[in-house]
Amino acid sequence: MGTLRDALLPAINSIRAIPGLLGIRPYTVSILVGTSTGAYTGRGDRLVEQFPITEAGGQPPKVRQLNTEELALGNLGKGSLRIGPITPDFPGGGTSIERIKPCVAAGQTVHVMVTGPEYPNGARFLIKDVQTDHALHYMLTAEPVSEMGP
Amino acid sequence: MSDSLAITWGGLSLPATAIGTDLASLDPARDILLELFAAALNSELQDAWAAAAGGIDLLTPIPVAHKLPALPDLDTMRQAKAAWPMLAVARSIEPNQEDEFTLWQNRITSKWSIDYVLGPLEIGDQLKLGDVLIAAGKIIAAVIRNGGHKAYAATTLVTPTTGDPLTCAKQVLGPGTGCCGFSTIGISSFICGAAAFSQGGPKYHALTMTLQTTELDSISDADAVLYTGASIAFGEDLDQPEPGVVVNLDTAIPLPADGGGETTP
């Protein structure tokens, strides 16, 4: 017999897709896993695999730019983002924690790719923090790989 | 002759040629040091490390399981997965110094950061394995004093008295093909103990060593004009319609047929 959480996750996953259906989720989010063919990270050819993070129906999650107070309190860099709530995985949908923080081999790289109005060609972020202490959602905090312009 | 400066400076040789898909060949010393120290640590510590570290979570049975040719700062560690123990070699964030070494050679003095990180260890494993850090410091110091390590590169010499072959470590820290190109190298300091990639973050047990190197520049291209001397004659050139000052330079290559002198009115 399933738990209340098991029963709620598919419904929540569908509800979290509604803003995307209405067109008010302008940013898409993916996890990039990079593999270098050379002896070290960044050497030789670079192969990049992309794993999108979505809610039901492939709709994007909420992406929010942090305000100055949140940046200061979180010791975060300018341009940091909070992504989520992301619905945890359940039979038939959701996003597993392994998808957000993939278990990669030594030397492989992991980034968050965010594409949207401010980053039309996509921008790479590093994973600063993943909150997994809620039963019904994950939250991902991402920091720009390099300094963002004003 | 190209428009290049046609010089070498440490391991850098100009003009730079296209090698592979990255620019690591512009500073080959870093990769050479990384591979040299990793080979030495693995060679000297392999058996002892494998016996002691087997079965400990997160640690591999190899003394250097992961090599990083960069500073292991927080941003780097958040983007690239590491295995433990990890050896990282890179030029330090401290400023390089450039000065005149002789009248014709300039010198760059650099600091290097060598980090040997065991990983996050609980107290039992820390006391069990922590002494490897001071041993690693001594091994790296000995490799520098030796100029190389046979596990990285070896060369065969002939014993003068007997004629027998003698296998020695190839000297890779000074000038030469496949070498670092350092003029001098020495250890400034090293420290062992707990370290963290971020303030308040997990403690990693590590050796951090600072090296200081110097690199000299020199002319590398055979096409470059080497002045063997100069004679300068001042006076009026009466052959010219408008007399001026004649300057002649004696060089190592033949002067052009027109005399090669420059006349300035």
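**A bent helix and the interface between chains A and B**

Helix H1 of chain B bends by about 65° at Leu45(B) in this predicted model. The helix comprises 26 residues, spanning positions 28–53 of chain B. Its end C-alpha atoms lie only 32 Å apart, whereas a straight helix rising 1.5 Å a residue would reach 38 Å. Just after H1(B), the backbone at Gly55(B) adopts a positive phi of about 85°.

The region preceding H1(B) is linked to a strand of the same chain by a side-chain interaction. Asp27(B) and Arg91(B) form a salt bridge, with an N to O distance of 2.8 Å. Asp27(B) belongs to the loop between strand E2 (12–13) and H1 of chain B, and Arg91(B) to strand E4 of chain B, so this pair ties together parts that are 64 residues apart in sequence. Over all chains, the whole structure contains 9 salt bridges.

The size of an interface is often expressed as the accessible area lost when the parts come together. For chain B and chain A, about 1400 Å² is buried between the two, with 49% of this area on carbon and sulfur atoms. On the chain B side, the greatest losses of area to chain A fall on Arg78(B), Gln79(B) and Lys81(B), which together account for 47% of what that side buries. The contact draws 17 residues from chain B and 18 residues from chain A.

Specific interactions across the interface were also identified. Between chain B and chain A, 7 residue pairs are in polar contact, both members having pLDDT 80 or more, and 1 salt bridge is counted. This salt bridge joins Asp31(B) to Arg43(A), whose closest N and O atoms are 2.7 Å apart. Three elements of chain B, namely H1, strand E3 (66–68) and helix H2 (74–79), each contribute at least two residues to the side that touches chain A. H1(B) provides the largest share of that side, with 4 residues. By residue class, the side of chain B that touches chain A consists of 8 charged, 6 nonpolar and 3 polar residues.

Each chain also contains a cis peptide bond preceding a proline. In chain A, the cis bond connects Gly84(A) to Pro85(A), with omega of about 10°. Pro85(A) is located within strand E4, which covers residues 81–86 of chain A. In chain B, the cis bond connects Trp84(B) to Pro85(B), and omega is about -5°. Pro85(B) occupies the loop between H2 and strand E4 (86–91) of chain B. A further backbone feature occurs in chain A at Asn75(A), a residue other than glycine with a positive phi near 50°. Asn75(A) is situated in the loop that connects helix H3 (68–73) and E4 of chain A.

Methods
Residues are numbered from 1 along each chain as its sequence is written. Chains are lettered from A and ligands numbered from 1 in the order in which they are written. This is a predicted model: local features need pLDDT of at least 70, side-chain atom pairs count only at pLDDT 80 or more; totals for chains, interfaces and linings use all residues. Side-chain values use heavy atoms; hydrogens and water are left out. The expected span of a helix is 1.5 Å times one less than its number of residues. The bend at a residue is the angle between axes fitted to the seven residues ending there and the seven starting there. Contact means heavy atoms within 4.5 Å. Buried area is the accessible area (1.4 Å probe) that two parts lose on being put together, summed over both. A salt bridge is a side-chain nitrogen of Lys or Arg within 4 Å of a carboxyl oxygen of Asp or Glu. A polar contact is a pair of N or O atoms within 3.5 Å; within protein, one must be able to donate a hydrogen and the other to accept it, and residues adjacent in sequence count only if both atoms are side-chain atoms. Ala, Val, Leu, Ile, Met, Phe, Trp, Tyr, Cys and Pro count as nonpolar, Asp, Glu, Lys and Arg as charged, and the others, Gly among them, as polar.
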